[in-house]
Amino acid sequence: MSVLESGIRVFECPQCGQTINTSLSQCPYCSAPIDRQAAEAAATLTTKVSEACNDASYVRILAGSLIVFFFLALVPFMGLIGTVGYYGLLALVPVLIIRWWVRFFSLRSDDPDYRRAKRNVVIALGIWVLFILLTSIRIAVAVAHMGRG
Ligand SMILES: [Zn+2]
């Protein structure tokens, strides 16, 4: 049985910031009384923040893979895989960035992990914009060449 299924979830004590769980009525670290409803709300936020972090790292890794596929497309025999992977990622990354923004941007959290997650998404966006520009230039150059015959 997972932690989620058992109904016990973790959150940070509003008093001392230690990670504790929702089954407690008192913080074991600072003895602050724990309000059930506030604890559940805090636990929901914690779950969302950790989802946001995982998602953001994933998006950033995918955006980073654009670099790999971009060069893979230039390698003999790997060109097709590289090209398919490259354009697939080029289409996928902005979808994931938008999805992240919709799901997590409004989270009210000053958790440093959440700030890092946001930065990861911004970096992913930066990488994607760079490759969109690069690809546009490449296509423009190719079209110009064709025009000259
Ligand atoms: Zn505490």
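How do the axes of helix H3 and helix H4 cross, and within what distance do they come? I took this up as my opening entry. The model I am reading is predicted.

**Entry: H3 and H4**

I looked up the two helices. H3 spans residues 79–104 and H4 spans residues 112–148. Their axes come within 10 Å and cross at roughly 150°. Angles over 145 degrees count as roughly antiparallel, so I note H3 and H4 as roughly antiparallel to each other. I also checked the hand: H3 passes H4 in a left-handed crossing.

Next I listed the residues that make the contact. H3 supplies Leu-90, Val-93, Pro-94, Ile-97 and Trp-100. H4 supplies Val-121, Ala-124, Leu-125, Trp-128, Phe-131, Ile-132 and Thr-135. By class I have 11 nonpolar residues, 1 polar and no charged ones in the contact of H3 with H4.

**Entry: H2 and H4**

I turned to helix H2, residues 36–72. H2 and H4 pack at an angle of about 25°, and their axes are 8 Å apart. An angle under 35 degrees counts as roughly parallel, so H2 and H4 are roughly parallel to each other. The crossing of H2 and H4 is left-handed.

The H2 side of this contact holds Val-49, Ala-52, Cys-53, Ala-56, Ser-57, Val-59, Arg-60, Ala-63, Gly-64, Leu-66 and Phe-70. On the H4 side I wrote down Asp-113, Tyr-114, Ala-117, Asn-120, Val-121, Ile-123, Ala-124, Ile-127, Trp-128 and Phe-131. I sorted the contact of H2 with H4 into 16 nonpolar, 3 polar and 2 charged residues.

**Entry: H2 and H3**

I then took the remaining pairing in my notes. H2 and H3 pack at about 160°, with axes 9 Å apart. That angle makes H2 and H3 roughly antiparallel to each other. I found the crossing of H2 and H3 to be left-handed.

From H2, the contact takes in Lys-48, Ala-52, Asp-55, Ala-56, Val-59, Leu-62, Ala-63, Ser-65, Leu-66, Phe-69, Phe-70 and Leu-72. These meet Ile-81, Gly-82, Gly-85, Tyr-86, Leu-89, Leu-90, Leu-92, Val-93, Leu-96, Ile-97, Trp-100 and Phe-104 in H3. The class split for H2 with H3 is 19 nonpolar, 3 polar and 2 charged.

**Entry: Arg-60**

Is Arg-60 buried or exposed? I placed Arg-60 in helix H2. I found 22 other C-beta atoms within 10 Å, so Arg-60 is buried; the cut-off for buried is 20 or more. Not counting residues up to four places away in sequence, Arg-60 touches Asn-120, Ile-123 and Ala-124. I also took a distance along H2: Arg-60 and Gln-37 are 23 residues apart in sequence and 35 Å apart in space, C-alpha to C-alpha.

**Entry: Phe-71**

Phe-71 also lies in helix H2. I counted 12 other C-beta atoms within 10 Å, so Phe-71 is exposed; the cut-off for exposed is 12 or fewer. I then checked Phe-71 against Tyr-86. The two are 15 residues apart along the chain, and their C-alpha atoms are separated by 9.3 Å.

**Entry: Phe-77**

I looked in the loop between H2 and H3 and found Phe-77 there. Phe-77 has a positive phi of about 75°, although it is not a glycine. I flagged this because most residues other than glycine have a negative phi. Phe-77 is exposed, with 7 other C-beta atoms within 10 Å.

**Entry: Gln-26 and Ser-31**

I moved to the loop between strand S2 (19–21) and H2, where Gln-26 is found. With 12 C-beta neighbours inside 10 Å, Gln-26 counts as exposed. What does Gln-26 contact, leaving aside its neighbours within four places in sequence? I listed Ser-31, Pro-33 and Ile-34. Gln-26 and Ile-61 are 35 residues apart in sequence, and their C-alpha atoms are 40 Å apart.

Ser-31 is found in the loop between S2 and H2. I noted a positive phi of about 65° for Ser-31, which is not a glycine. Ser-31 is exposed, with 10 other C-beta atoms within 10 Å.

**Entry: domains**

Last, I looked up the domain assignment of the chain. It gives domain 1 (1–34) and domain 2 (48–148). I took the centres over C-alpha atoms: 37 Å separate domain 1 and domain 2.

Key:
Residues numbered from 1 in each chain as written. Predicted model: local features only at pLDDT ≥ 70, side-chain atom pairs only at ≥ 80, totals over all residues. Axes fitted to C-alpha atoms, helices over the stretch in contact; angles between N-to-C directions. Helix = DSSP H or I, 4+ residues; strand = E, 2+ residues; numbered from the N terminus. Parallel < 35°, antiparallel > 145°, perpendicular 65-115°, else oblique. Left-handed = near helix turned anticlockwise from the far one by under 90°. Contact = placed C-beta atoms within 7 Å. Nonpolar A, V, L, I, M, F, W, Y, C, P; charged D, E, K, R; others polar. Domains from an automatic or database assignment.
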